[in-house]
Amino acid sequence: MRAVELNKDNWESLLKRPTKSVEDIAQTVDDIFKEVKESGDIAVKKYTALFDGINLDTLEVSLEEIKNAENLVSKELKNAIQQAKVNIEVFHAAQKTERIAIETTKGVQCWQEKKPIEKVGLYIPGGTAPLFSTVLMLATPANIAGCKEIILCSPPDKKGEINPAILYTAALCGVTKIYKVGGIQAIASFTFGTETIPKVSKVFDPGNQYVTVAKQLATQYGIAIDMPAGPSELLVMADDSANAAFVASDLLSQAEHGADSQVVLVSDSLDLIAEVSKEIDAQLLNLSRKEITEKALKNTKVVLIKDEYEAINFVNDYAPEHLIIVTKNDDFFIDKIANAGSVFIGKYTPESAGDYASGTNHTLPTNGFSKAYSGVNLDSFMKSITFQKISKEGIQNIGQTIEIMAAAEGLQAHKNAVTLRLKEIENV
């Protein structure tokens with residue numbers, strides 16, 4: 001790994017991600033969307049055969065398949081999934097808020113209540129890595145929120161099956177329907193509905209670049225999405241107090257997600273950077289996904305920044321999906337971090353803890369979107385509804401204010417809606 005010292009000339013280039021532009025992908029996505037909208041299940045099966053290499057008679061996973069999956073998952077993995085689920089439940093249940101009610105003016109009562117989104121669609125990647133952990137991260141808060149229908153799509157393997165750990169976790173977390181559909185066609189199915197797959201109100205997933213563009217297209221058809229999430233990324237902020245082996249393991253853990261993942265190391269220590277580079281070379285030899293990881297490492301950026309304020313400015317500008325802070329002055333960075341999906345503090349806090357079992361959610365904004373988007377949380381599965389109830393006294397107290405403002409905007413009917421009520425009160 002070669003360190004690049006940050007300066008005003010290379011700042012922008014160091015912020016770039018190794019992703020394709022929307023223009024490169026949009027036409028493919030648009031074509032599939034149009035076909036699914038017009039042909040439903042026929043189009044879904046066509047693209048399942050094309051992209052996943054399997055011709056399916058039925059798209060829905062049967063109850064028998066779900067029951068069989070439980071027997072195919074080891075007791076050890078079941079226990080791990082269950083423990084992770086408990087931690088995720090505890091953290092997300094703590095995010096519940098009570099009804100907020102206030103009397104803004106005498107006789108004017110306003111309140112806010114949160115209601116669950118009734119029907120949500122969860123897309124679970126299942127290609128090079130079957131992400132049953134994402135089922136936990138999405139279905140658990142959906143259940144806590146009270147969503148009535150939790151629909152899951154995941155791509156089948158060459159045998160036409162979904163990984164048993166995904167099916168087991170889905171059943172454990174209360175998913176109501178499961179379909180063997182992947183990629184763009186899954187998002188299109190959620191968007192329009194087909195003969196088999198129901199249309200949903202909001203789509204959630206941590207998918208690849210194609211799925212991210214598909215989600216963005218879905219919004220043009222009235223479907224909400226969690227966020228624009230794409231290839232995984234990690235930025236590690238570390239000084240010479242960090243353990244080089246730990247830092248290397250964290251960088252590798254994100255790089256192994258996919259060839260288009262990106263990892264970034266920011267440090268003020270050339271010695272640490274050199275040690276981390278050696279550790280990466282050594283640890284890489286033993287990885288099962290070595291080939292994928294090596295491709296991702298080509299996107300690695302190592303940035304030498306001596307000044308703490310410049311370092312935190314760069315981090316906030318990069319706005320990473322995952323941020324690890326391992327320095328002698330962690331509190332400085334914790335206090336000043338403004339843009340990050342999820343933050344991991346100290347040498348004993350690996351990013352993989354958040355991916356699996358600490359309790360926080362791993363579905364997070366990438367590509368700098370953490371400047372404006374939050375990661376998935378309980379509120380992602382809910383919407384806030386405001387209420388108001390105004391008494392006779394209340395409309396008398398605010399009526400003239402409304403009339404004056406409505407008249408100033410030239411909206412006579414708005415004013416009349418108040419004036420008629422005030423006149424009735426006066427005539428009683």
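**Exercise 1. Is Trp111 buried or exposed, going by its relative accessibility?**

*Solution.* Keep in mind that this is a predicted model. Start with the cut-off: a residue is called buried under 20% relative accessible area. Trp111 has a relative accessibility of 18%, so it counts as buried.

**Exercise 2. Find the ring that pairs with Trp111 and classify the geometry.**

*Solution.* Begin with the whole structure, where a search turns up 12 aromatic pairs. In one of these pairs, the partner of Trp111 is Phe387, with 5.3 Å from centre to centre and 5° between the planes. Planes under 30 degrees apart count as stacked, and that is the class of this pair. Now place the two rings along the chain: Trp111 belongs to strand S3 (residues 108–116) and Phe387 to strand S14 (residues 382–390), so the pair links distant parts of the chain, 276 residues apart. Last, check the partner's exposure: Phe387 has a relative accessible area of 28% and is therefore partly exposed.

**Exercise 3. Work through the pair of Tyr309 and Phe332 in the same way.**

*Solution.* Here the centres are 5.0 Å apart and the planes meet at 85°. An angle over 60 degrees counts as edge-to-face, which is how Tyr309 and Phe332 are arranged. Tyr309 lies in helix H13 (residues 308–318), while Phe332 lies in helix H14 (residues 330–336), 23 residues away. As for exposure, Phe332 is buried because its relative accessible area is 10%.

**Exercise 4. Describe the aromatic surroundings of Tyr318.**

*Solution.* First, Tyr318 joins Trp11 and Phe314 in one aromatic cluster. Next, look for a charge over the ring of Tyr318: the charged end of Arg17 sits there, 3.6 Å from the ring centre.

**Exercise 5. Characterise the largest cavity and its lining.**

*Solution.* Count before you look closer: the structure holds one cavity of 30 Å³ or more. The largest cavity has a volume of about 40 Å³. Its lining includes Asn243, Phe246, Asp250 and Lys347. Sorted by type, the lining residues are four nonpolar, three polar and two charged. Helix H10 (residues 244–255) supplies the largest share, three residues.

**Exercise 6. Trace the open sheet that contains S6 and find its edges.**

*Solution.* Write down the order: five strands run S6-S5-S4-S7-S8, with parallel pairing. The edges are strand S6 (177–179) and strand S8 (224–225), each of which pairs on one side only. Then zoom in on one edge: strand S5 (residues 149–153) runs parallel to S6 and is joined to S6 by three bridges. To finish, pick a residue: Cys153 has Tyr179 of S6 as its bridge partner.

Methods: Residues numbered from 1 in each chain as written. Predicted model: local features only at pLDDT ≥ 70, side-chain atom pairs only at ≥ 80, totals over all residues. Heavy atoms only, no water. 1 Å grid on protein atoms, 1.4 Å probe; cavity = no way out; pocket = protein on both sides within 12 Å on 5 of 7 lines; lining within 4 Å. Points joined across faces, edges and corners; volume = space filled by probe spheres on them. Helix = DSSP H or I, 4+ residues; strand = E, 2+ residues; numbered from the N terminus. Nonpolar A, V, L, I, M, F, W, Y, C, P; charged D, E, K, R; others polar. Phe/Tyr/Trp six-rings, centres within 6.5 Å; stacked < 30°, edge-to-face > 60°. Buried < 20%, exposed > 50% of the residue type's maximum accessible area, 1.4 Å probe, protein only. Lys NZ or Arg CZ within 6 Å of the ring centre and 35° of its normal. Pairing = 2+ DSSP bridges.
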